[in-house]
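Here is a walk through two interfaces, one inside a chain and one between chains. Keep the structure in view as you read.

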Amino acid sequence: MRPRVPAERYTGASVRRVEDERLLTGRGTFVADAHLPGMLHAAFHRSPLPHARIVAVNTEAARRAPGVVAVFDGAEMTQMASPVAALGAAPGSGGPVSFGILAMDKVRLVGDPVALVVAESRALAEDACELIVVEYEELAPVVTVEQALDPSLPAIFEELGGNRLFGPEVKVFGDVDGAFARADRVVRASIHQHRHQNVPMEGRAILASFDASSGQLLVRASTQGVNTTRQMLAQQLRMPLDRVRVVAEDVGGSFGLKFGASREEAACCAASRALGQPVRWVEDRWENLTVSGQAREESFEVEAAVTASGLILGLRVQMVIDSGAYPGFAPLVVDIVREMIPGPYRLGALSFSSSGVVTNKASYVAYRGPWAAETFVRERIVDLVAQELGISALEVRLRNLATRDEPPLRMVTGPSLAGITARESLLRAAEIVDLARFQERQLRLRDEGRYLGVGFATYIEPAPGPRQEGGEGNTEQVRVELDRDGLLLVHTAQMPHGQSHRTTLAQVAADEFGARLEQVRVMVGDSQQTPEGFGTGGSRFAAMAGGAALHGARRLRGKVLEAAAQILDLAPTDLDIWRGELVGPGVPGGGLPLAELISRIDLAARSGQLPPGVDVDLTATEDFDGGESGWSGGTHCCVVEVDPDTGLVRILRYLVVEDCGDLINPAVVDGQIRGGVAQGVGAVLLERSAYDPEGQYLSATLMDYLLPTALDVPHIEIEHLSPVRLDPDVNFRGVGEGGMIAAPPTICNAIADALSPFGAKVLEQHLPPARILELIGATSA
Amino acid sequence: MKLPPFAYRAPESLEEGLELLAAGEGEARILAGGQSLIPMLALRLARPSLLIELRRVPGLAGVHEDGSGLRIGALTTELVAERDPRVRAASPLLFEALEFVGHPAIRSRGTVGGSLCHADPAAELPAAALVLGAELTARSLARGTRTIPARDFFLGPYTTALEFDEVVTEVRVPAPPSSQGSCYLEVSRRPGDFAMVGVAAAVVRGGDRVLDLRLALSGVGDRPRLLTRDELELEGQDSPEVLFGQAGRSVAARIRPPEDLHASAAYRRHLSRVLTERALRTAFERAALQGGAASA
Ligand SMILES: Cc1cc2nc3c(=O)[nH]c(=O)nc-3n(C[C@H](O)[C@H](O)[C@H](O)COP(=O)(O)OP(=O)(O)OC[C@H]3O[C@@H](n4cnc5c(N)ncnc54)[C@H](O)[C@@H]3O)c2cc1C
């Protein structure tokens with residue numbers, strides 16, 4: 001193969017997204033765009049109460065309402081389907097708790113589905129929902145962690161005997177007692193991360209179509225992975241796996257919400273099966289905000305053993321996670337937070353206690369960078385240590401960050417830190433922002449009554465993370481196939497919902513195979529074709545799927561060259577595939593288009609002209625674990641100005657210095673970073689999933705749950721560091737979550753710095769203007 | 001979030017609209033830009049049996065100016081009003097307030113009359129209308145035409161002096177005295193959101209002194225109220241700075257701000273003081289540019 005110069009490669013270039021034209025001109029097809037003949041519409045009657053026993057459900061009037069085809073209550077639904085715990089519900093995640101697809105004996109949160117109405121239109125279904133009368137016996141709501149641990153309050157699941165879901169479980173790494181004995185000082189803080197949530201443009205949605213004659217269920221889903229959705233639907237519907245086919249087309253965002261299948265989605269499938277007609281449900285914004293799921297509500301008691309010079313010797317951490325009403329993802333989050341909390345630092349000892357509770361709030365779901373609390377807690381603690389010791393936060397970070405030439409390059413919790421560039425990213429960020437000059441300006445402006453602050457946060461993101469013991473089999477599978485039109489089909493279980501996979505995976509495969517980009521089709525979203533794999537999540541795409549595609553394309557290319565050499569009676573080493581043609585000295589006409597080559601290989605194979613042993617199956621399936629690729633990471637830096645009279649925070653500068661390995665498509669990478677930072681800006685300044693003391697949900701519209709708009713997101717400067725390449729072939733790394741992980745601590749650190757003249761201590765992540773004024777003592781809390 | 005069932009009519013004349021409205025006996029509603037009414041229907045907070053859309057009725061939209069002030073048709077969209085140079089010249093306070101209403105996309109549908117009739121306690125236009133001494137023209141079959149001064153119009157949250165069968169056809173905004181400067185300021189969670197606190201302020205200036213001042217705040221009570229020098233019990237002829245400080249404290253002491261997800265009552269009270277001072281100061285400075293500094 002002729003060596004390719006970068007200018008000839010797609011990989012590394014900001015190739016224009018193949019998705020753009022279709023999506024930006026309104027030609028995407030989301031579930032709401034899907035129609036089938038005879039299609040019916042679903043709506044749910046939902047609980048207005050956070051916690052109550054159901055005494056009676058009367059659906060009579062609803063069944064007689066105009067346009068209504070069927071109404072199912074909890075008892076009826078139980079005959080049709082049974083729920084499974086959400087993805088990630090590990091053993092010990094609260095033991096066996098029982099509940100229905102629809103609420104039966106109890107409702108456990110505002111919005112809990114109590115009955116399903118299927119009608120000729122969504123509007124008619126909603127009209128009928130209003131006619132359903134439910135008699136409740138109210139129970140005391142369990143809204144906070146304190147209430148969950150109060151034995152006098154009723155258990156949300158009686159079988160738990162209380163509202164503690166798991167823990168406290170304590171794990172110890174390194175010599176914690178020794179670290180605290182050696183410490184000059186112990187810095188303590190109670191740090192809280194508030195509840196906020198995924199708000200994809202397209203909420204949950206499903207079109208279920210059961211064909212009674214074949215017994216097949218065809219599902220059009222909005223999902224992060226068709227295989228997982230298929231598995232969970234089959235389980236809930238008690239159907240053999242082979243009777244369920246899940247197809248996904250465009251998915252309007254998710255951020256972790258759309259793994260598997262929710263209770264509502266299973267209910268719609270069950271209804272379609274019962275009625276023999278297609279049933280569509282497209283969640284509305286109220287449902288999305290109130291019941292689809294929420295994340296992040298975690299609190300931490302932290303003690304840091306530090307030396308006078310700012311070395312952090314050890315941490316004692318107690319984490320409590322508020323899992324909301326229906327147990328699911330929370331136990332998994334706790335495990336990752338514990339493992340990741342040392343981050344890129346040389347922390348020598350850690351004691352970590354974790355527990356989880358259930359409350360009458362929306363269930364805990366994965367949200368972009370689900371373990372982000374560890375970065376928040378660690379980066380806040382670093383700044384608090386600096387503040388207490390009177391050293392600069394930059395100094396404390398530099399003193400504690402791991403260096404590549406200093407063993408053991410390993411987190412105290414186990415994972416290797418090989419290849420990290422955290423220190424470089426921090427130094428570069430401090431250089432770009434010109435810290436010394438900034439600090440002069442900051443002091444000068446304080447005299448004028450203006451309060452500026454600068455904040456840093458340094459992080460690593462497992463993307464996918466280093467190989468770990470017991471991690472065998474954790475791979476992505478890609479099947480690369482050459483069809484008779486000469487198209488290179490790249491099948492992946494990744495399910496793009498904003499990540500540009502159709503472009504970036506094509507770039508990788510095209511380069512490796514020698515195809516033109518237009519000849520590559522990235523094939524996703526059909527459980528009948530999709531290879532193994534749970535879907536998009538955990539920043540697995542770039543290194544794992546990208547690597548599998550690279551190796552698959554390489555192997556397929558080898559097969560094609562081998563067969564071509566036989567047909568043309570040339571040496572494979574004299575041949576090359578370049579821009580979609582077979583080329584090389586002796587190739588007829590100077591180049592053979594792929595389609596023509598394939599038909600000649602096919603003809604030769606069928607007429608027995610090829611010697612035995614030549615593989616003419618023009619597909620290659622590869623499993624790849626990400627190789628030696630490990631961490632993405634970097635440092636964010638933010639400069640803010642706080643108006644001490646109004647509490648308004650203005651972001652004057654936002655800077656990202658990061659390393660996600662080799663960039664497949666810089667524009668796509670920057671887009672992922674910017675999107676993540678925007679969500680971080682939202683988390684700190686705007687977004688909160690708020691409940692009142694009675695457990696009513698307060699953030700149920702987009703006038704209450706405030707998303708950042710283009711006017712709230714600052715310009716984001718991005719610089720990419722050149723990576724340490726540890727793998728011979730695959731040095732791309734994921735970049736989906738880092739922006740969202742690092743932005744909240746960065747912004748909070750900057751605000752804390754701005755507020756330092758007021759003696760304010762920032763221990764929470766959500767800092768709306770009213771809270772800022774409380775922190776500086778201008779108004780009472 | 002689908003709308004509940006209702007009937008819909010788009011009459012060609014105002015008389016026909018007024019007949020439909022009267023016949024609805026309180027169950028019919030006027031649909032103007034729909035930027036407040038439609039979301040209320042989607043949340044099923046309102047269930048009118050009939051919506052009467054007036055966009056086919058001629059003469060209800062448009063800006064007119066004569067020497068005495070502006071006449072703005074009730075169905076004039078907020079964006080058309082904002083972009084009309086006569087509005088900007090004749091009523092800078094109204095112009096400034098309009099710019100704070102939602103986003104351009106909202107303002108391109110929402111109407112000046114709709115905003116006043118909706119009477120959201122956090123809306124900008126009601127507060128501006130009070131400070132400007134605006135008057136609303138209302139029509140009904142039963143009572144014909146009547147004029148309602150803005151200070152008698154807003155009765156409570158989403159409640160006005162309009163009878164169920166009345167339509168607002170026009171808003172009149174008198175020309176301000178030449179020595180008046182004005183300022184609209186607000187703090188909201190995001191640009192375009194309803195204000196946590198908004199302040200409409202006008203100051204009549206004579207040389208270095210404040211001859212008169214008028215204020216109205218949004219977001220701090222059940223409705224905006226006009227606050228004058230007398231109502232604020234501002235004493236003496238102190239320097240403007242002292243007066244503005246007094247005004248800020250007086251406002252903060254007088255209001256009973258609500259508490260919600262976005263702001264505590266204490267925060268709103270604090271902001272009312274800060275923004276009152278800032279708005280008055282800016283209005284005073286602008287009055288100098290209007291020639292108020294000379295006309296002592
Ligand atoms: C995202 C968003 C953000 C917004 N932000 C703001 C904001 O920051 N500040 C703000 O003030 N507003 C805001 N609004 C509301 C907007 O200004 C509305 O347009 C306005 O409040 C109502 O005007 P409308 O013409 O849309 O009235 P409609 O919604 O059509 O009607 C509102 C009410 O007034 C009645 N009505 C309307 N016209 C008449 C009339 N001529 N005579 C009698 N009754 C009438 C209707 O029957 C209805 O009860 C926002 C709206 C949205 C959707």
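Begin inside chain A of this predicted model. Between domain 2 of chain A and domain 3 of chain A there are seven residue pairs in polar contact, with both residues at pLDDT 80 or more. On the domain 2 side, helix 9 of chain A, residues 285-291, gives the most, with three residues. By class, that side of domain 2 of chain A holds twelve nonpolar, eight polar and three charged residues.

Now place these domains in the chain. Chain A is divided into four domains, each built from two segments. Domain 2 takes 34-139 and 199-291, and domain 3 takes 163-197 and 297-414. Helix 9 of chain A spans residues 285-291, and the second segment of domain 2 runs 199-291. Domain 1 covers 6-26 and 470-624, while domain 4 covers 418-467 and 629-781.

How far apart are the centres of domain 2 of chain A and domain 3 of chain A? Taken over C-alpha atoms, 37 Å separate them. The contact itself involves 23 residues of domain 2 of chain A and 18 residues of domain 3 of chain A. Together the two domains of chain A, domain 2 and domain 3, bury about 1600 Å², and carbon and sulfur atoms give 61% of that area. Zero salt bridges are found across this interface of domain 2 and domain 3 of chain A.

Turn next to the meeting of the two chains. Chain B brings 26 residues to the contact, and chain A brings 35 residues. The area buried between chain B and chain A is about 2400 Å², with 59% of it on carbon and sulfur atoms. Which three residues supply more than any others of the area that chain B buries against chain A? They are Arg189(B), Arg190(B) and Leu261(B), which supply 28% of that area.

Charged pairs appear here too. Six salt bridges cross the interface of chain B and chain A. In a salt bridge between the chains, the side chains of Arg278(B) and Asp645(A) meet at 3.5 Å, N to O. The interface of chain B and chain A also has 15 residue pairs in polar contact, both residues at pLDDT 80 or more.

Look last at the chain B surface that touches chain A. Strand 11 (180-188) and helix 11 (265-289) of chain B each supply at least two residues. Helix 11 of chain B gives the largest share, six residues. The residues on this side of chain B divide into 14 nonpolar, five polar and seven charged.

Conventions: Residues are numbered from 1 along each chain as its sequence is written. Chains are lettered from A and ligands numbered from 1 in the order in which they are written. This is a predicted model: local features need pLDDT of at least 70, side-chain atom pairs count only at pLDDT 80 or more; totals for chains, interfaces and linings use all residues. Side-chain values use heavy atoms; hydrogens and water are left out. Domain bounds come from an automatic or database domain assignment. Contact means heavy atoms within 4.5 Å. Buried area is the accessible area (1.4 Å probe) that two parts lose on being put together, summed over both. A salt bridge is a side-chain nitrogen of Lys or Arg within 4 Å of a carboxyl oxygen of Asp or Glu. A polar contact is a pair of N or O atoms within 3.5 Å; within protein, one must be able to donate a hydrogen and the other to accept it, and residues adjacent in sequence count only if both atoms are side-chain atoms. Helices (H or I, at least four residues) and strands (E, at least two) are DSSP runs, numbered from the N terminus. Ala, Val, Leu, Ile, Met, Phe, Trp, Tyr, Cys and Pro count as nonpolar, Asp, Glu, Lys and Arg as charged, and the others, Gly among them, as polar.
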